[in-house]
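Work through the exercises below with the sequence and the structure at hand. Each task is followed by a solution in steps.

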Protein chains: 2
Amino acid sequence: MLRFILLGFLNYLPLNGYQLKMLIDQSTGHFWHAYHSQIYTTLQALEDQGLVTSQTDESDDRLKRRTYEITEAGRAELRAWLSKPMLETAQIKDELLVRVFFSGQRDHADVIDELRIQRRLHQQQLEAYMAIAADHLLKVVTPEAPPPVASLKADSRMWTATLDYGIRYERMVLEWIDNLVNQLKA
Amino acid sequence: MLRFILLGFLNYLPLNGYQLKMLIDQSTGHFWHAYHSQIYTTLQALEDQGLVTSQTDESDDRLKRRTYEITEAGRAELRAWLSKPMLETAQIKDELLVRVFFSGQRDHADVIDELRIQRRLHQQQLEAYMAIAADHLLKVVTPEAPPPVASLKADSRMWTATLDYGIRYERMVLEWIDNLVNQLKA
DNA sequence: GAGGGCATGTAAGCCGTTACATGATTTC
DNA sequence: GAAATCATGTAACGGCTTACATGCCCTC
């Protein structure tokens, strides 16, 4: 999965591993996070498969900075992946729900405490999402240059859609927690 | 994680691997699924650690049926896990969101088609959740006997809470998809 | 006797997590 | 000169997925 995220970003412009990590943390990481270790190894794998090329920037400094560029094969791979629609839904994996499921015999007060911790965290996440301006992402991808791709507007709309998902998700969780806490207090 | 799910169920009553698989599929599997291969190997690991014991039923047939029972150490392990509250939120991992994120350059019609497939699947899941009566789970766990644990009522409430989560989640996703489809059509 | 449900296992491989490890540049 | 940020890697491990493999029992 991460391979497609990397190809997806490199499809916009050449980037190094560190920049990819930053981009992911601020965008796709909210629904598919990755550690830098995995990013570097996956980039290596993509290069071995000829889907990206890399070059060390010798020009301006002695920093071992490696910039990755997508190849035509890489773009084809990305397009092929996108063209095959998902036919199942994503599986939820949420430890909190497992904990709640088996919390029947726990002290209600303890369960409520835990739910309140979660509530605070989700509240923070909601606020973080709402603070992200829609065009913020545009700025991240294109620091001080005009868009390298013709219509980043269509992309921007999709980015906003995933942000919208995050907001709806966090609101839903907050409502669920509030509802459950109230029930447990009664 | 699966270890705690297994301990959680075995904390109610002794079960074999197959029964655990069935129970998971119908309950916790909605937020933490598991393949039978992992269930059997994890049960073996739990036994090696003295958290469960097993015995082959020789009594009535030649079927190699192995029933697992939780030990006192197992109950302690489960209690210890439950008593330590989660301090982070679960990470979402949703391929659909990754796909949407990078779908800016795709044909809108194709994206809409894909979203409609997802809509149908989520609609079905929502209906499945709503069809599950709250006491259904009670029946699954205690087929034709009185509850082995004093108050399964408290547990039942928690099970219902996770089911409620599922319903809220599916509704949220449906609304998000409808909203996005409408936007893409405009 | 064919198919579906009951029942249990092994093994390879992939992906992701955690930890270890290093070093330059920039800012206070 | 200390701390934060930029920048890149390796390695061990654990958990999950996929595939392979087997065999009984019951119903049609």
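**Exercise 1.** Find which polar side-chain atoms of chain A lie by a phosphate oxygen of DNA strand D, and at what distance.

Solution. Step 1: in this predicted model, a polar side-chain atom of Arg65(A) is 2.8 Å from a phosphate oxygen of DNA strand D. Step 2: for Tyr40(A), a polar side-chain atom lies 2.9 Å from a phosphate oxygen of that strand. Step 3: turn to chain B, where an N or O atom in the side chain of Ser37(B) is 2.6 Å from a base oxygen of DNA strand D.

**Exercise 2.** Describe the protein surface near DNA strand D by elements, residues and classes.

Solution. Step 1: two or more residues each come from α2 (17–26) and α3 of chain A and from α3 of chain B. Step 2: α3(A) gives the most, with three residues. Step 3: 16 residues surround the strand, and the closest are Tyr18(A), Lys64(A), Arg66(A), Ser37(B) and Gln38(B). Step 4: sorted by class, the surface near DNA strand D has four nonpolar, seven polar and five charged residues. Step 5: among the atoms of DNA strand D within 4 Å of the protein, 68% belong to sugar or phosphate, and the rest belong to bases.

**Exercise 3.** Describe the surroundings of DNA strand C, and state which element gives the most residues.

Solution. Step 1: 17 residues surround DNA strand C, and the closest are Ser37(A), Gln38(A), Tyr18(B), Lys64(B) and Arg66(B). Step 2: at least two residues each are supplied by α3 (36–48) of chain A and by α2 (17–26), α3 (36–48) and β3 (66–70) of chain B. Step 3: α3(B) gives the most, with three residues. Step 4: the classes are five nonpolar, seven polar and five charged residues. Step 5: look at the phosphate oxygens of DNA strand C. One is 2.9 Å from an N or O atom in the side chain of His33(A), and for the side chain of Trp32(A) the distance is 3.4 Å. With Tyr18(B), a polar backbone atom is 2.8 Å from a phosphate oxygen of the strand.

**Exercise 4.** Work out how α1(B) is placed against α3(B): parallel or perpendicular?

Solution. Step 1: the axes of α1 (residues 2–10) of chain B and α3(B) come within 10 Å and cross at roughly 75°. Step 2: α1(B) is therefore roughly perpendicular to α3(B). Step 3: α1(B) makes the contact with Leu2(B), Arg3(B), Leu6(B), Leu7(B) and Leu10(B), while α3(B) uses Gln38(B), Ile39(B), Thr42(B), Leu43(B) and Leu46(B). Step 4: by class, this contact has seven nonpolar residues, two polar and one charged.

**Exercise 5.** Repeat the work for α1(B) and α2(B).

Solution. Step 1: the two axes come within 11 Å and cross at roughly 105°. Step 2: α1(B) is therefore roughly perpendicular to α2(B). Step 3: the residues in contact are Leu2(B), Ile5(B), Leu6(B), Phe9(B) and Leu10(B) of α1(B) with Leu20(B), Leu23(B) and Ile24(B) of α2(B). Step 4: eight of these residues are nonpolar, with no polar and no charged residues.

**Exercise 6.** State what relation superposes chain B on chain A.

Solution. Step 1: the superposition takes a rotation of 180° with 0.0 Å of shift along its axis, at an RMSD of 0.0 Å. Step 2: that is the relation of a two-fold axis. Step 3: 100% of the interface residues of chain B are also interface residues in chain A, so the copies meet through the same surface.

Terms used
Residues numbered from 1 in each chain as written. Chains lettered and ligands numbered in written order. Predicted model: local features only at pLDDT ≥ 70, side-chain atom pairs only at ≥ 80, totals over all residues. Heavy atoms only, no water. Near = heavy atom within 4 Å. Polar contact = N/O pair within 3.5 Å; in protein donor to acceptor, adjacent residues only side chain to side chain. Helix = DSSP H or I, 4+ residues; strand = E, 2+ residues; numbered from the N terminus. Nonpolar A, V, L, I, M, F, W, Y, C, P; charged D, E, K, R; others polar. Axes fitted to C-alpha atoms, helices over the stretch in contact; angles between N-to-C directions. Parallel < 35°, antiparallel > 145°, perpendicular 65-115°, else oblique. Contact = heavy atoms within 4.5 Å. Least-squares fit on C-alpha atoms with pLDDT ≥ 70 in both.
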